[in-house]
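Please work through the exercises below with the sequence and the three-dimensional view at hand. Each task is followed by a solution that goes step by step.

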Amino acid sequence: HVVKSRVMFPGAGYMEVAHAVCCAAGKRTEAATLKGVFFMMPLVLGDTSTPDLHMECALQKSGSFEVRSSEPNNSGEPPVLHCTGQAMAANGGWRPSPQPPQARSGRPHFVARGSLYEELHASGLEYGPAFRTLDRVWADYGDMAERVAKLQRRSDWQGTRVHPADL
């Protein structure tokens, strides 16, 4: 992701790392459920002050995990914590998402897709073509401004359960 002209490791990447480690630790191929996930510190990529980084995912017996990074041969500096959460065995699959008419009820304003991406870019969030997956967006500008979006249907998930661009 590009945020304010800085390349960041995407949040979906932390989730994929944690998911892969949790499944490998349990010697199973079915989905692991990740709960209580918190993103602590962004990982800036391409930063010349730290050209080589090592990333690791530590999984505790309790099921908690931490995704962190460190410089190779660091001088005793603790790793930087980027993401933490809890992993458990999946319990019966995916929860269905609300149907579009139900999800957009109470959100009377249709938002033009192009203007939304222009607004995001103006705030410092740059979405390249592969990450512009919104199909339609509805908004409610009341006390709690909310937006609901419908994503374009993806034909290739590139080996993931949920493509990072969709997260």
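**Exercise 1. In which helix is the place of H121?**

Before the first step, note that this is a predicted model, in which local features need pLDDT of at least 70 and side-chain atom pairs count only at pLDDT 80 or more, while totals for chains, interfaces and linings use all residues. Residues are numbered from 1 along each chain as its sequence is written, and side-chain values use heavy atoms, with hydrogens and water left out.

Step one: H121 sits in helix α3, which covers residues 113–122; helices (H or I, at least four residues) and strands (E, at least two) are DSSP runs, numbered from the N terminus. Step two: H121 has a relative accessibility of 46% and therefore counts as partly exposed, since buried means under 20% relative accessible area, exposed over 50%, and partly exposed in between (1.4 Å probe, protein chains only). Step three: the C-alpha atom of H121 is 8.9 Å from that of V3, although 118 residues separate the two along the chain.

**Exercise 2. What is the order of the strands in the open sheet of four strands, and which are the edge strands?**

Step one: the order is β4-β2-β1-β9, and the pairing is antiparallel; two strands pair if DSSP finds at least two bridges between them. Step two: β4 (44–45) and β9 (125–126) are the edge strands, each pairing on one side only. Step three: β2, made of residues 6–8, pairs with β4 in the antiparallel sense over two bridges, and V7 stands opposite L45 in β4.

**Exercise 3. Which residues in the loop between β1 and β2 have a positive phi?**

Step one: as background, most residues other than glycine have a negative phi, and most peptide bonds are trans. Step two: K4, found in the loop between β1 (2–3) and β2, has a positive phi of about 50° although it is not a glycine. Step three: S5 is placed in the loop between β1 and β2, and its phi, near 70°, is a positive value in a residue other than glycine. Step four: K4 counts as exposed because its relative accessibility is 61%, and S5 is exposed with a relative accessible area of 62%.

**Exercise 4. How do β5 and β6 pair, and how many residues lie between them in the hairpin?**

Step one: the two strands pair in the antiparallel sense over six bridges. Step two: β5 and β6 form a hairpin with four residues between them, and G63 in the turn has a positive phi of about 100°. Step three: to follow the pairing in the view, find H54, which stands opposite S70 in β6.

**Exercise 5. Which residues are linked in a network of salt bridges?**

Step one: side chains of opposite charge can pair when their charged atoms come close. Step two: the count comes to two salt bridges, a salt bridge being a side-chain nitrogen of Lys or Arg within 4 Å of a carboxyl oxygen of Asp or Glu. Step three: one salt bridge is formed by the side chains of E56 and R68, at 2.5 Å from N to O. E56 lies in strand β5 (residues 54–59) and R68 in strand β6, so the pair ties together parts that are twelve residues apart in sequence. Step four: the side chains of R68 and E66 also meet in a salt bridge, at 2.6 Å from N to O. E56, E66 and R68 are thus linked in a network. Step five: E56 counts as partly exposed because its relative accessibility is 37%, and E66 counts as partly exposed at 28%.

**Exercise 6. Which strand holds T84, and which residues does T84 touch?**

Step one: T84 lies in strand β7, residues 80–89. Step two: leaving out residues up to four places away in sequence, T84 touches G36, V37, F38, M40, F65 and E66, where contact means heavy atoms within 4.5 Å. Step three: a polar atom of the T84 side chain lies 3.1 Å from the backbone oxygen of F65. Step four: M40, one of the residues that T84 touches, is found in the loop between β3 (32–39) and β4, and is partly exposed with a relative accessible area of 47%.

Methods
Polar contact = N/O pair within 3.5 Å; in protein donor to acceptor, adjacent residues only side chain to side chain.
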